[in-house]
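Colleague: I have the model open. Take me through the labels used for its helix packing and its voids, and justify each one.

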Amino acid sequence: MMVGSSSYAQLSTNFYSKSCPKVLSTVESVVKSAVSKEKRMGASLVRLFFHDCFVNGCDGSILLDDTSSFTGEKTAAPNNNSVRGFNVVDDIKAKVEKACPGVVSCADILALAARDSVVILGGPGWDVKLGRRDSKTASFSAANSGVIPPPTATLSQLINRFQARGLSAKDMVALSGAHTIGKARCVLFRGRIYNETNIDTSFAKATQSSCPRTSGSGDNNLAPLDVATPDSFDLKYFNNLLNKKGLLHSDQILFNGGSTDSLVKTYSSNTKKFYSDFVTAMIKMGDITPLTGSNGEIRKNCRKPN
C-alpha cells in the first residue's frame with residue numbers, strides 16, 4: 001500500500017472539463033432515474049465504490065466479470081450475492097460512451113455515481129476528483145483476503161482495516177454513517193438480533209419478525225440499516241446507535257464503550273460535522289492507489305478488459 005503515492009496528484013476535479021464536459025450531467029441523470037425507481041440503489045452504488053477502492057485501489061476492478069485468465073471479485077465473500085448495481089453502471093457507461101467514446105473510465109463512473117447517490121438521498125455534495133484509469137484484471141484472492149471488514153468485525157479490526165488503506169478511525173466512523181441508507185440481508189444480522197445484549201429489545205423483536213432464527217431460513221430477507229429514516233441520508237444512523245438500534249454488529253460496536261463513542265455522540269447531534277467529515281473521508285477513499293497516466297486503460301465495457 002503506497003500511502004502518499006504521487007499518483008494522487010494526477011487526479012483533478014476538472015479532469016474531463018474539455019474531453020467530456022457532459023460527463024457529470026450524464027452520470028447524474030442515470031443515477032437519478034435509477035434511485036427514483038429504487039431508493040436502495042443509491043446505497044448499493046456507494047457500497048460498490050467502497051468495495052472497489054478497498055481492493056487494490058479505486059480501479060474499477062470490482063466491475064470485471066470472470067474471464068478464462070482470472071477469477072474476478074464479484075464472487076468473493078464480501079461481494080457474493082451482496083454487491084449490486086452493476087446494471088446501473090452499465091447504463092451509465094453506455095450513455096457516457098455515446099457522449100464521449102473512449103474517454104471516461106469505469107473507476108471514475110463509480111466515484112461519481114457514489115457522490116450523486118448521496119446527494120439525491122439528501123446528503124452532502126462535493127467535487128469528485130477524477131482521472132482514475134481502469135485495471136485490466138481483478139483479484140478474487142485480494143477481495144477475499146479480509147481487506148474489506150465483515151459485519152462481525154470488532155472495533156479494532158474495523159480501525160485496522162481502514163488504517164491499512166490510509167483512513168483514520170474518524171474516517172471509518174464517518175464512512176459507517178453511509179449506513180443511514182441501504183439494507184442488509186438477514187444472514188448478516190441474525191447473530192446480532194438473537195444473541196447480542198447491547199440491543200434495544202423492541203428493535204430486536206421487530207427485526208426478528210422478518211429474520212427467522214434458523215440458519216437457511218429467510219437468509220436473504222432485508223432490513224433497513226437505519227430503522228428511523230431508511231431512505232434519507234441524515235444523522236439518524238448515529239442516533240440509532242445511541243439507542244442500541246444498530247442493525248449490524250459492526251454498526252453497534254462503534255458505540256459500545258470504546259474509543260469511537262464520543263465521535264458517534266458528536267455526529268448524532270451535529271449534521272454539519274458529520275457531513276464535513278464524511279465528505280473528507282469519501283475524497284480520501286477515492287484517492288486510494290488510483291491507476292493514472294499510462295497505467296491501466298479506459299474500458300469500453302465496464303465488465304471486461306478491452
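**Reasons behind the labels**

Modeller: Start with the cavity lining: its residues split into 6 nonpolar, 1 polar and 2 charged. Keep in mind that this is a predicted model.

Colleague: What makes the lining of the largest cavity 6 nonpolar, 1 polar and 2 charged?

Modeller: The lining residues are Phe49, Ala111, Trp126, Val128, Lys129, Arg132, Met282, Ile283 and Gly286. Lys and Arg count as charged, and Gly counts as polar. So Lys129 and Arg132 are the charged pair, and Gly286 is the polar residue. H13 gives the most to this lining, with 3 residues.

Colleague: How many cavities of 30 Å³ or more does the structure hold, and what volume has the largest cavity?

Modeller: The structure holds 1 cavity of 30 Å³ or more. The largest cavity has a volume of about 70 Å³.

Colleague: Now the helices. Why are H8 and H9 called oblique to each other?

Modeller: H8 (residues 186–195) and H9 (residues 201–208) pack at about 135°, with axes 9 Å apart. Roughly perpendicular ends at 115, and roughly antiparallel needs over 145. The angle of H8 and H9 fits neither, so the pair is oblique. Their crossing is left-handed.

Colleague: Which residues meet between H8 and H9?

Modeller: Phe189, Ile193 and Tyr194 in H8 meet Ala204, Thr207 and Gln208 in H9. By class, that contact has 4 nonpolar, 2 polar and no charged residues. Tyr counts as nonpolar here.

Colleague: What makes H2 oblique to H13?

Modeller: The axes of H2 and H13 cross at roughly 45° and come within 9 Å. Roughly parallel needs an angle under 35, and roughly perpendicular starts at 65. The crossing of H2 and H13 falls between those limits, which makes H2 oblique to H13. Val46, Phe49, Phe50 and Cys53 of H2 make the contact with Met282, Met285 and Gly286 of H13. This contact has 6 nonpolar, 1 polar and no charged residues.

Colleague: How do H2 and H4 cross: left-handed or right-handed?

Modeller: The crossing of H2 and H4 is left-handed. The axes of H2 and H4 (residues 106–120) come within 8 Å and cross at roughly 140°. From H2, Gly42, Leu45, Val46, Leu48, Phe49 and Asp52 meet Leu110, Ala111, Ala113, Ala114, Ser117 and Val118 in H4.

Colleague: What makes the contact of H2 with H4 9 nonpolar, 2 polar and 1 charged?

Modeller: Asp counts as charged, and Gly counts as polar. So Asp52 is the charged residue, and Gly42 is one of the polar residues. The contact's full split is 9 nonpolar, 2 polar and 1 charged.

Colleague: Last, the largest pocket. Which residues lie nearest its centre?

Modeller: Arg47, Phe50, His51, His179 and Leu248 lie nearest the centre of the largest pocket, which is lined by 43 residues. Elements that give two or more residues to this lining include helix H2 (40–53), helix H6 (155–163) and strand E1 (183–185). H2 gives the most, with 8 residues.

Colleague: What volume has this pocket, and how does its lining divide by class?

Modeller: The largest pocket has a volume of about 920 Å³. Its lining divides into 26 nonpolar, 11 polar and 6 charged residues.

How values were computed: Residues are numbered from 1 along each chain as its sequence is written. This is a predicted model: local features need pLDDT of at least 70, side-chain atom pairs count only at pLDDT 80 or more; totals for chains, interfaces and linings use all residues. Side-chain values use heavy atoms; hydrogens and water are left out. Axes are lines fitted to C-alpha atoms, for helices over the stretch in contact, and angles run from 0 to 180 degrees between N-to-C directions. Helices (H or I, at least four residues) and strands (E, at least two) are DSSP runs, numbered from the N terminus. A crossing is left-handed if the near helix is turned anticlockwise from the far one by less than a right angle, and right-handed if clockwise. Contact means heavy atoms within 4.5 Å. On a 1 Å grid over the protein atoms alone, a cavity is a set of points where a 1.4 Å probe fits but cannot get out, and a pocket is an open set with protein on both sides within 12 Å along at least five of seven lines; lining residues have an atom within 4 Å of a point. Grid points are joined across faces, edges and corners, and a volume is the space filled by probe spheres set on the points.
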